[in-house]
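Visitor: I am new to this one. Please show it to me, and let me ask how each term is earned.

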There are 2 protein chains.
Amino acid sequence: MRNTRKSGKVTLADVARAVGVSAITVSRALREPDKVSATLRQRIDHTIRELGYVPDPVARALVTGRTNIIGVIIPSVTNNVFADVLRAVYDVIRMTDFGIQLGNSRYSLLEEEKLVRLFLSQKPAGLIVAGVDQSEATRSLLVEASCPVVQIMEVGDDPIDMMVGFSHYEAARAATRHLIDRGYRRPAFVAARMDPRSQRRLQGFREETEVQGLFDETRIITTQRPSSVAMGVELFGELMSVAPDADAVLCNNDDLALGVLFEAQRRRFRVPDQLGICGFNDLEFCAVAEPSMTSVRTFRHEMGERAIRMLVSAIEGKRPEEALVDLGYEVVHRRSTR
Amino acid sequence: MRNTRKSGKVTLADVARAVGVSAITVSRALREPDKVSATLRQRIDHTIRELGYVPDPVARALVTGRTNIIGVIIPSVTNNVFADVLRAVYDVIRMTDFGIQLGNSRYSLLEEEKLVRLFLSQKPAGLIVAGVDQSEATRSLLVEASCPVVQIMEVGDDPIDMMVGFSHYEAARAATRHLIDRGYRRPAFVAARMDPRSQRRLQGFREETEVQGLFDETRIITTQRPSSVAMGVELFGELMSVAPDADAVLCNNDDLALGVLFEAQRRRFRVPDQLGICGFNDLEFCAVAEPSMTSVRTFRHEMGERAIRMLVSAIEGKRPEEALVDLGYEVVHRRSTR
DNA sequence: CTGTTAGCGCTTTCAT
DNA sequence: ATGAAAGCGCTAACAG
């Protein structure tokens, strides 16, 4: 017999009654143990276990005006990049008593806005949102929000609150430079799901090739459709039909790059001599592909970790000194480029 | 000037006062519009917009004893399989006003139990958990839970409540049969992260090869370490060192299979003649790999969709007639097997 | 160190 | 069709 109330619910008052103290004392024993005498604390702890009391976070949230839920809004749950960030988030909050409410904006500013509104109405402890391209409405909601906010994936000027990411523009420029340095003279850019980050990568590719006098619009193949390995196959086919002389391809991500690699093999291209391939993100498989794949390494786990740590610090009132963290990137050369 | 209270919060009472009715009437206008006269309803709606009133789900949850949050507990957020399920979940709940609290049990029964306890204490509207191998404690928590529960990924006897998945044992048996039917006589099994579902796949492989008189323990290579493409490379290397005569390999999942494919290419194996490769799940890339990859298709999106639909129906009091759905599987033959 | 008093914002009776 | 009263379980604020 663990409890008696008809609802099967043991409340703070029940514990208090059993111990013979007031409810607030039990509450204190739970949240600020130092403020309760040691013996009493023990008696309370004992009774709590005996009765099987479990605090009701909802009641607490009503009075404090805050839940212990951290909202995370990302544009895709199937994209490995976000999955890696999310894993890091879980690795950290596992130690805390925060929960994660995950929202999927499906790359839509409107859905993002709805989610922000929804999440905010639930009084989250903090919010993590992807990217820096929120709608005006979303942005002001977030600015006005009474909880800390971290933007991830990218860095930019004027963060809403805190920010951790890297420059997609710079990363793509560096990758383009890598290809050119390796001697490729007709580099192509292949991308799907042209979200703002992809746009900035394209911009990096464009400006670097222009600077080097190697820009050619026909070697830019993009689509709004979702990214996938199959899409890499398709886009490479397209590239070959409009610019068969392309000698290298910078892909917007590693899935596309894998598709390009498969299709290149199917067409008996010699990689990397006849065709150089560079991915983006350096997913785990890049290192072991055959041939192994050049890619731009991004620090996704660290990004999630830093983001959640900054957020938790801010929630606890200790604002981290650096509210804008640029994690950088690293072009990792492997056998798919010469 | 949208609101006046110092907290910046507009409450039901504010709206009621502005309209000149009681709070409960506003509450009704929101949740049971039919019970309020049309004209009044309009005035209320108007005032709500004017004041920018947003209902407080926390206060509602305190009195109703239920939030509108659906808890989802999966063992991994980076595994594509769960990501696909999750995407489906979002595709459906997007239309509703439910939110998703996502928990990551990291393949640990203990962490799963903690998450269930945590989630349950927050009064979820419903719960989705992966697999059928909960700890005894978790199971009884779930059985006693006052919200509907759906187990996904697998089917088994005695569901906690509802269930949608497929038989991993049968699926692996069918894949093994496929290899044998194709003429392979020394099939191997390669697996990482030996969770219960992997164990049952192994069991399926084992029993089918035994029945056909082709079982050989040395051709079973498994590890508890996490699965990855790189791990596929490693395990295939191990297989080749202990059983170099293996002529086919059934992989526990597609990532491993991709690793095996890469390593086989590196070693200049002729796939599929010299070596047949079969993956599991039929991720998107299987169809476009070079050579394209045989795999066991699983219906992950449908699984997530069915699960969340069943759950929502149950939450709304309309229990679906079929509380146990077996989605089956399909061996998809492609060029990586002859 | 411990208690009293008020409510948080909403919905459930039970009336009218 | 509308309302009054009561309270969900907890904690802030102020005593003592």
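Visitor: What makes a phosphate oxygen of DNA strand D and an N or O atom in the side chain of A:Tyr53 a polar contact?

Guide: The distance does, at 2.3 Å. A polar contact is a pair of N or O atoms within 3.5 Å; within protein, one must be able to donate a hydrogen and the other to accept it, and residues adjacent in sequence count only if both atoms are side-chain atoms. The pair at A:Tyr53 is at 2.3 Å, so it is called a polar contact.

Visitor: What should I know before we go on?

Guide: This is a predicted model: local features need pLDDT of at least 70, side-chain atom pairs count only at pLDDT 80 or more, and totals for chains, interfaces and linings use all residues. Residues are numbered from 1 along each chain as its sequence is written, chains are lettered from A and ligands numbered from 1 in the order in which they are written, and side-chain values use heavy atoms, with hydrogens and water left out.

Visitor: Which other atoms of the protein meet DNA strand D?

Guide: A backbone N or O atom of B:Ser22 lies 3.0 Å from a phosphate oxygen. A backbone N or O atom of A:Ala59 is 3.5 Å from a base nitrogen.

Visitor: How do you know that a residue is near DNA strand D, and how many surround the strand?

Guide: A residue is near a strand if one of its heavy atoms lies within 4 Å of it. For DNA strand D, 25 residues surround it, with A:Leu12, A:Ser27, A:Tyr53, B:Thr25 and B:Arg28 the closest. Of the strand's atoms within 4 Å of the protein, 67% belong to sugar and phosphate.

Visitor: What makes a residue of that surface nonpolar, polar or charged?

Guide: Ala, Val, Leu, Ile, Met, Phe, Trp, Tyr, Cys and Pro count as nonpolar; Asp, Glu, Lys and Arg are charged; the others, Gly among them, are polar. Near DNA strand D that gives 13 nonpolar, five polar and seven charged residues.

Visitor: Now DNA strand C. Which residues are closest?

Guide: A:Arg28, B:Leu12, B:Ile24, B:Ser27 and B:Tyr53, among 26 that surround DNA strand C. Sugar and phosphate make up 66% of the strand's atoms within 4 Å of the protein. The side chain of B:Tyr53 has an N or O atom 2.4 Å from a phosphate oxygen. For the side chain of B:Arg60, the distance to a phosphate oxygen is 3.3 Å.

Visitor: What makes a stretch a helix, and which helices supply the surface near DNA strand C?

Guide: Helices (H or I, at least four residues) and strands (E, at least two) are DSSP runs, numbered from the N terminus. Here α2 (23-31) and α4 (57-64) of chain A, with α2 (23-31) and α4 (57-64) of chain B, each supply at least two residues. α4(B) gives the most, five residues.

Visitor: Why is the relation of the two chains called a two-fold axis?

Guide: Chain B superposes on chain A by a rotation of 180°, with 0.0 Å of shift along the axis and RMSD 0.1 Å. That is the relation of a two-fold axis. The fit is by least squares on the C-alpha atoms of residues with pLDDT of at least 70 in both copies. In chain B, B:Gln101 comes closest to the axis, at 2.1 Å (C-alpha).

Visitor: How do you know that the copies meet through the same surface?

Guide: 100% of the interface residues of chain B are also interface residues in chain A, so the surface is the same. Contact means heavy atoms within 4.5 Å.

Visitor: Why is the peptide bond from A:Glu290 to A:Pro291 worth a stop?

Guide: Most peptide bonds are trans. The one from A:Glu290 to A:Pro291 is cis, with omega near -5°. A:Pro291 lies in the loop between β9 (276-278) and β10 (295-297) of chain A. A cis bond also joins B:Glu290 and B:Pro291.
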